[in-house]
Amino acid sequence: QAQLAESGGGWVQAEGSLRLSCVASGGTFSRSDMAWFRQAPGKEREFVATIRSSAGGSTYYEDSVKGRFTISRDNAKNAVYLQMNSLKPEDTGVYYCAARIRYNSGNYYFYKEEDYPWWGQGTQVTVSS
């Protein structure tokens, strides 16, 4: 049973940057695909980015964050990060870290909530205009 703990959220002005961290424990981190999701007030939770456990840690992003956000991982620290640059007010929300074990090396990504059995508690990001 993996446990995930996010940190790094906060308040920032538009065009600013934040770096979110997520540390995993109790699971097989190196075999897990990791992802970030977010939930804005009054909206459903949505996919932000994912990084594969293998294939060189290849990544996949939601269109609105491409070129601004970067997901990365450090398997030695059981950690995944989300570097967020050029933040916009519409990036405001609670950001969640999620994990799932990858059982094969197929060339695809997991980007749906139901694909991920393990979740953190979330960290608030507020971007003011």
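## Around Asn78

Let's start with Asn78 and the company it keeps. In this predicted model, Asn78 touches Cys22, Val23, Ala24 and Phe29, leaving out residues up to four places away in sequence. Asn78 itself sits in the loop between strand 7 (69–74) and strand 8.

How buried or exposed is Asn78? With a relative accessible area of 27%, Asn78 counts as partly exposed, because the partly exposed class lies between under 20% for buried and over 50% for exposed. For a longer-range reference point, take Trp119: 41 residues separate Asn78 from Trp119 in sequence, and their C-alpha atoms are 15 Å apart in space.

## The four-stranded sheet

The loop that holds Asn78 links two strands that also belong to an open sheet. Four strands make up this sheet in the order 1-3-8-7, with antiparallel pairing. Strand 1 and strand 7 are its edges, each pairing on one side only. On average, neighbouring strands here are turned by 15° against each other, direction ignored. As general background, strands of a sheet pair through backbone hydrogen bonds, either parallel or antiparallel.

Now let's walk across the sheet, pair by pair. Strand 1 (residues 3–7) meets strand 3 (residues 18–25) over five bridges in the antiparallel sense, and Leu4 stands opposite Ala24 of strand 3. Ala24 is also among the residues that Asn78 touches. Next, strand 3 and strand 8 (residues 79–84) run antiparallel and are joined by six bridges; here Arg19 has Gln83 in strand 8 as its bridge partner. Finally, six bridges join strand 7 to strand 8, again antiparallel, with Phe69 opposite Met84 in strand 8.

## Nonpolar cores

Which residues touch the most other members of the largest nonpolar core? They are Met34, Trp36, Leu82, Met84 and Tyr95, out of 28 residues in that core. The elements giving two or more residues to this core are strand 3, strand 4 (32–39), strand 5 (46–51), strand 7, strand 8, strand 9 (93–101) and strand 11 (123–128). A second, separate core has six residues, including Ala35, Phe47, Ala98 and Tyr116. In soluble globular proteins, nonpolar side chains tend to be buried together.

Tyr95 is a handy residue to select in your viewer. Setting aside neighbours within four places in sequence, Tyr95 is in contact with Trp36, Leu82 and Met84, among others. The contact list of Tyr95 also includes Glu6, Leu20, Phe37, Arg38, Val48 and Phe69, along with Gly122, Thr123 and Val125. Both Phe69 and Met84, which stand opposite each other in the sheet, are thus named among the contacts of Tyr95.

Key. Residues numbered from 1 in each chain as written. Predicted model: local features only at pLDDT ≥ 70, side-chain atom pairs only at ≥ 80, totals over all residues. Heavy atoms only, no water. Pairing = 2+ DSSP bridges. Buried < 20%, exposed > 50% of the residue type's maximum accessible area, 1.4 Å probe, protein only. Contact = heavy atoms within 4.5 Å. Core = buried A, V, L, I, M, F, W, Y, C linked by side-chain atoms within 4.5 Å. Axes fitted to C-alpha atoms, helices over the stretch in contact; angles between N-to-C directions.
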